[in-house]
Amino acid sequence: MSCITILCDGHLRTVYILSNVSLTMSDLIHSIRVVAQRTGLSPHVIRVWEKRYGAVRPSRTETNRRLYSEAEVERLSLLKQVIAAGHSIGNVAGLEMERLRSLVENEPAPGGTRLGEEEKTLSSAESFLAECLRATRELDSTALNHALQAGNVKLGAQGLLQQVVGPLVQRLGTLWRAGELTAAHEHFATGVIRTFLGKGVSPFVSANQHARLIVATPAGQLHELGALLVYAAATNLGWRVIYLGASLPAAEIAGAALQNGVRAVALSIVYPEDDPQMDHELRRLRQLLPPEVSLIVGGRAAEAYRMSIESIGAFLIADLNALCSTLDQLRRPAKQGAA
């Protein structure tokens, strides 16, 4: 693949050309950064429209970077205009180009209709997420705090966790692994989010003394954003959470569980997916915990340890919704027993 620089719209643009392919001017390939500049859409929104709605289908480089044609740039620009007029992205993402041009040129917005509440919430959540990512890239703690606070007001505590903080955790991990963010960026975000959640989470204090939960990451797991998310979600659900932080040996986690008489222990496993010590740590923790203490394991890398997790009878959690359902399930027996 090679690249050339051209003058476009009064600006110099770098475009990529796939090797061994003869391209016309209309086939020039652009990076997502250039597409964002030309369309006014954020890179996050462009990716969401691609993944969730199939609005465009960019090609990929050998290193898996997206490349967009001129036609796709035009399509994204048209979609932006159509949505600004009041149409739903879900309804127009699959339309032909001529139909999109017609909507832009000839048809007004749908007669007085407005976006549904679900779509408005989605749009708000995506906006907050994009702002959080921008603030993290720029190491701007004021901007990151402002985006989190605004999301908390608009979406509520649980909405913020599920629609902004959860996706943010996943996105930061992906960008770190791709080399687009450094460990410093992740540590920065972790610090800001930890402080925000510590101040901003207003728990419903449960009368159920058995609803106690330990949250940690196992030995060797240094990424704690996922664990912070579990802490906040459980606290919002009324659990009394003891947050231990990152990279703790099984014996220390079990000791804290025994000392505090917890109902469950939740572990976040994010990276790596091939830790040779993980199976031992999970089995050791299960052996040290009393049988009545449940073990919950989730995180981006948890699926890689499915066999170990299932063999010790632990809950394997796929996402935040599953976590909340599992925590609700674990509280019922204790609540009935107390009654």
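**A buried arginine, a one-sided helix and a small set of cavities**

R47 is buried yet forms no salt bridge, and E180, the nearest side chain of opposite charge, lies 4.7 Å away. That separation falls outside the cut-off, because a salt bridge requires a side-chain nitrogen of Lys or Arg within 4 Å of a carboxyl oxygen of Asp or Glu. The model examined here is a predicted one. Within it, R47 belongs to helix 2, which spans residues 43–53. Once neighbours within four places in sequence are set aside, the contacts of R47 are with I32, R66 and R171.

Helix 10 offers another view of burial. In this helix, residues 250–260, the buried positions are A250, I253, A254, A256 and A257. Viewed down the axis of helix 10, these buried residues fall within an arc of 160°, so they line one face of the helix. An α-helix has 3.6 residues a turn, so residues three or four places apart point the same way. The face of helix 10 turned away from the buried side carries the exposed residues A251, L258 and Q259. The cover over the buried residues includes strand 5 (212–218), strand 6 (240–248), strand 7 (264–268) and helix 11 (278–288). After helix 10 comes G261, with a positive phi near 55°.

Turning to enclosed space, the model has 3 cavities of 30 Å³ or more. The second largest cavity has a volume of about 40 Å³, and its lining consists of V169, G173, E186, H223, L225, G226, V270 and R300. Helix 7 (141–177) and helix 9 (225–236) each contribute at least two residues to that lining.

How values were computed. Residues numbered from 1 in each chain as written. Predicted model: local features only at pLDDT ≥ 70, side-chain atom pairs only at ≥ 80, totals over all residues. Heavy atoms only, no water. Helix = DSSP H or I, 4+ residues; strand = E, 2+ residues; numbered from the N terminus. Buried < 20%, exposed > 50% of the residue type's maximum accessible area, 1.4 Å probe, protein only. Lys, Arg positive; Asp, Glu negative; His and termini not counted. Contact = heavy atoms within 4.5 Å. Arc of directions from axis to C-beta. 1 Å grid on protein atoms, 1.4 Å probe; cavity = no way out; pocket = protein on both sides within 12 Å on 5 of 7 lines; lining within 4 Å. Points joined across faces, edges and corners; volume = space filled by probe spheres on them.
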